[in-house]
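Me: I am new to this structure and would like a close look at one part of it, the packed interior. Please walk me through what is buried there and where empty space is left.

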Amino acid sequence: MSGFAGFAVRRAMGAVITLLVISVIIYVVFYATPGNVAQITCGPRCSPEQVHQVAQQLKLDDPLYLRYWHFLEGILVGQDYSTGTSVEHCSAPCLGQSYQSDQQVTQIILTKLPVSLSLVVGAMVLWLVMGVGTGVLSAWRRGRFSERALTGLTLAGISTPVFVIGLLLMIVICGQLELLPFPEYVPFTDDPEQWAWGLLLPWFTLALSEAAYFARLTRASMLETLAEDHIRTFRAYGVGERSLVGRHALRGALAPIIALNANDFGSAVGGAVLIESLFGLPGIGQELVHAVNVVDLPVVVGMVLVIGFFVVLANAVADVLFAVADRRVVLT
């Protein structure tokens, strides 16, 4: 296959291989390190009988490669778990079973994932609009007072920790001005309006810190593109400044913006721990911290693997968007 279709297939195959490598690394780090894995997985309060049952379920007596194959097999086709009196089937993709709550890890993730995706997707729209818009305006107004003011604001956004921004917004907007109620997550299917109002402040908190990076990157990319020869040629032929900035310079500056957005989206799915903890959002990040605290290894492994999946997926989508924005990428 050649052209865009071949490029998309190669990137998809690369993403699958990357996910396999990530799964191997995760499995080795958590299940093949020195120590009593069964005791760690079950917890410090487990009896010897419970530890033995966990060791049987994890097949710790099997060779390492066979144990990894069982782990991968559970993800691809599912597997059965013995509960002592009966056998429970875990459908694919099966990421194991929590030994703290006896729930399937996949079910825990499906419960928490909509919260994190709601937070990240909404914040992503805001940080793209604010960051790219500020960067374009800053490059367009270079050397003027407005450009210096915007540069100062972006530096303040980069240097201010995200939890400080969140606390200030809650104190001022929710406490003093009473413009918004204190954030409380409501599922979208229950009430879309309350869902949006409950996430508005977390969206702005996450978006303000990320938008500063996008503004700096967009400004630098725009200034570099505006200095290129083809832009000078367009300007010499009398093309308007707004058209130069909006149609030609911005398109040339899209590549680094797409790359940064892909990395930020993938990492923010599991990395917005501070935002979820600050506003009490029951998402992936908060659940991962809880699983680490109680040493619930199946939950930790499952969530790390899911976070890795979103990072790989976001970068694969970014590669495709690269090709859409610049067809020269297809030939590389």
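Reply: What follows goes from the whole protein to its interior, and then to its open spaces.

Keep in mind that this is a predicted model. The protein has 332 residues, and 40% of them count as buried. It is built from 14 helices and 2 strands. Take the contacts between residues at least 6 apart in sequence: 65% of these join residues at least 24 apart. The accessible surface comes to about 17,700 Å². Carbon and sulfur atoms account for 65% of that surface.

Now the interior. In soluble globular proteins, nonpolar side chains tend to be buried together. Here the largest nonpolar core holds 68 residues. Two members, Ile109 and Trp127, touch the most other members of that core. Helix 5, residues 105-140, gives the core its largest share, with 13 residues. A second core is separate and has 5 residues, among them Ala38, Cys46, Val51 and Val54.

Look at Ile109 on its own. Set aside its neighbours within four places in sequence. Its contacts are then Leu95, Pro114, Ile284, Gly302, Met303 and Val306. Keep Leu95 in mind, as this residue returns with the largest pocket.

Next, the cysteines. The structure holds 1 disulfide. Cys90 and Cys94 form it, with their sulfur atoms 2.2 Å apart. The cut-off for such a pair is 2.5 Å, so these two sulfur atoms qualify. The torsion about their S-S bond is about 110°, so the disulfide is right-handed. Residues under 20% relative accessible area count as buried. Cys90 has 1%, so it is buried. Cys94 is also at 1%, so it is buried too. Cys174 has 6% relative accessibility, and it counts as buried as well.

A serine belongs in this picture too. Ser221 lies in helix 8, which covers residues 192-226. Its relative accessible area is 9%, so Ser221 is buried. Leaving aside neighbours within four places in sequence, Ser221 is in contact with Ala253 and Pro256.

So much for what is filled; now the empty space. Rolling a probe the size of a water molecule over the atoms shows where such space is left. The largest pocket has a volume of about 440 Å³. It is lined by 17 residues. Closest to its centre are Ile75, Pro93, Leu95, Leu305 and Phe309. Four elements give two or more residues to this lining: helix 1 (3-31), helix 4 (64-77), helix 5 and helix 14 (297-325). Helix 5 therefore plays two parts: it supplies the largest share of the core, and it helps to line this pocket. Leu95 also links two parts of the account. It is in contact with Ile109, and it is among the lining residues closest to the pocket centre.

There is closed space as well. A search of the whole structure finds 2 cavities of 30 Å³ or more. The second largest cavity has a volume of about 50 Å³. Its lining consists of Thr134, Gly135, Ser138, Leu150, Thr151, Thr154, Ala215, Arg216 and Arg219. Helix 5, helix 6 (145-159) and helix 8 each supply at least two residues of this lining. Helix 8 is the helix that also holds Ser221. Helix 5 appears once more, here beside the second largest cavity.

Note on methods:
Residues are numbered from 1 along each chain as its sequence is written. This is a predicted model: local features need pLDDT of at least 70, side-chain atom pairs count only at pLDDT 80 or more; totals for chains, interfaces and linings use all residues. Side-chain values use heavy atoms; hydrogens and water are left out. Buried means under 20% relative accessible area, exposed over 50%, partly exposed in between (1.4 Å probe, protein chains only). A nonpolar core is a set of buried Ala, Val, Leu, Ile, Met, Phe, Trp, Tyr and Cys residues joined through side-chain atoms within 4.5 Å. Contact means heavy atoms within 4.5 Å. Accessible areas come from the Shrake-Rupley method with a 1.4 Å probe; for residues, only the protein chains shown count as cover. On a 1 Å grid over the protein atoms alone, a cavity is a set of points where a 1.4 Å probe fits but cannot get out, and a pocket is an open set with protein on both sides within 12 Å along at least five of seven lines; lining residues have an atom within 4 Å of a point. Grid points are joined across faces, edges and corners, and a volume is the space filled by probe spheres set on the points.
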